[in-house]
Amino acid sequence: EAMACWKVVGGEGKGGIIVREGQGLDSQKAQERLSTGALVRELCLEGGRLQYELVSGTGPRTGWVSLIVDSKKLLQQAGEEHPSQPGPAKLSVVRPLPASKWVAKYQHGPRARCRLFCAFGAGSDASGYGHWNAIVADEFPDLELALLQIPGR
């Protein structure tokens with residue numbers, strides 16, 4: 001008998017959902033979360049808790065998760081999606097930029113799904129905008145800035 005597949009639909013904006021090493025809610029939390037959009041294979045389903053094996057997405061290879069928390073659905077069986085209600089496009093997390101003399105201020109955002117390159121006009125340089133990285137990291141964790149410094153400026 002084929003095991004059911006589930007899709008993570010909760011944890012949006014939080015980096016995914018909490019995974020525990022054991023079935024109980026008091027068991028040890030895994031170091032990373034199971035990403036929103038991840039697909040998992042059901043190994044065991046008991047009392048609203050799912051033991052899974054990761055099929056696609058990021059997070060622990062196996063563990064236990066809750067199906068519902070505070071009336072919010074965290075996982076749904078794959079195939080239950082409602083095409084008449086499209087959600088926002090899902091982008092992959094961007095890879096860190098390699099070192100470059102063109103990039104003056106850059107801090108990789110581990111959850112960033114979009115990168116904004118900022119170039120500054122004549123008489124200006126990136127040093128005056130270094131505080132932008134901290135603002136963006138706090139307010140927009142899915143965005144990272146790369147402040148460009150044109151050589152010769």
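**A guided tour of the predicted chain**

Begin with the whole chain in surface view: about 10,000 Å² is exposed, and carbon and sulfur atoms supply 53% of that area. The model is predicted. Of the 153 residues in the chain, 29% are buried.

Switch to a cartoon and trace the chain from the N terminus. One helix and 10 strands appear, in the order β-β-β-β-β-β-β-β-β-α-β. Now display contacts between residues at least 6 apart in sequence; 53% of them join residues at least 24 apart.

**Colour by confidence**

Next, colour the chain by pLDDT. The average is 81, and 84% of the residues score at least 70. Strand β4 has the highest confidence, with a mean of 96, whereas strand β8 (residues 103-106) has the lowest, with a mean of 70. Select residues 81-85 as well: the pLDDT there is below 50, and this stretch has two contacts in the model beyond near neighbours in sequence.

**The five-stranded sheet**

Select strands β1, β2, β3, β4 and β7. Together they form an open sheet in the order β4-β3-β2-β1-β7, with antiparallel pairing. Its edge strands are β4 (62-66) and β7 (75-77), each of which pairs on one side only. From one strand to the next, the twist averages 45 degrees.

Move to strand β1 and show its side chains. W6 and V8 make up the covered face, while C5 and K7 make up the uncovered one. This arrangement may be read against a general rule: in a regular strand the side chains alternate between the two faces of the sheet.

With β1 still selected, add its two partners in turn. β1 pairs with β2 in the antiparallel sense over three bridges, and C5 has R41 as its bridge partner in β2. β1 also pairs with β7, again antiparallel and over three bridges; here V8 stands opposite L75.

**The β2-β3 hairpin**

Select residues 39-46 (β2) and 49-56 (β3). These antiparallel strands are joined by seven bridges. Two of the pairs to label are V40 opposite L54 and C44 with its bridge partner Q51. The two strands form a hairpin with two residues between them, and in the turn G47 has a positive phi of about 55 degrees.

Stay in strand β2 and select L43. Is L43 buried, partly exposed or exposed? Its relative accessibility is 37%, so L43 counts as partly exposed, given that buried means under 20% and exposed over 50%. Then draw a distance from L43 to T62: the two are 19 residues apart in sequence, and their C-alpha atoms lie 9.3 Å apart in space.

**The nonpolar cores**

Now show I17, L34, V40, L50, Y52, V65 and L75 as spheres. These residues have the most contacts inside the largest nonpolar core, which has 13 residues. The elements that give two or more residues to this core are β1 (5-8) and β3. In general, nonpolar side chains in soluble globular proteins tend to be buried together.

Centre the view on L50. Which residues does L50 touch, not counting those up to four places away in sequence? The list consists of W6, V40, E42, C44, L45, G63, W64, V65, L67 and L75. Two residues already visited on the sheet, V40 and L75, are therefore contacts of L50 as well as members of the largest core.

Apart from the largest core lies another, of six residues; select C118, F120, V136 and L147, which are among them.

**The parallel pair near the end of the tour**

Finally, select strands β9 (residues 114-118) and β10. In contrast to the antiparallel sheet above, β9 and β10 pair in the parallel sense, over five bridges. Label L116 and L145: L116 stands opposite L145 in β10. Strand β10 (residues 143-148) is mostly covered, with five of its six residues buried.

Terms used. Residues are numbered from 1 along each chain as its sequence is written. This is a predicted model: local features need pLDDT of at least 70, side-chain atom pairs count only at pLDDT 80 or more; totals for chains, interfaces and linings use all residues. Side-chain values use heavy atoms; hydrogens and water are left out. Helices (H or I, at least four residues) and strands (E, at least two) are DSSP runs, numbered from the N terminus. Buried means under 20% relative accessible area, exposed over 50%, partly exposed in between (1.4 Å probe, protein chains only). Contact means heavy atoms within 4.5 Å. Accessible areas come from the Shrake-Rupley method with a 1.4 Å probe; for residues, only the protein chains shown count as cover. Two strands pair if DSSP finds at least two bridges between them. Axes are lines fitted to C-alpha atoms, for helices over the stretch in contact, and angles run from 0 to 180 degrees between N-to-C directions. pLDDT is the predictor's confidence in each residue, from 0 to 100. A nonpolar core is a set of buried Ala, Val, Leu, Ile, Met, Phe, Trp, Tyr and Cys residues joined through side-chain atoms within 4.5 Å.
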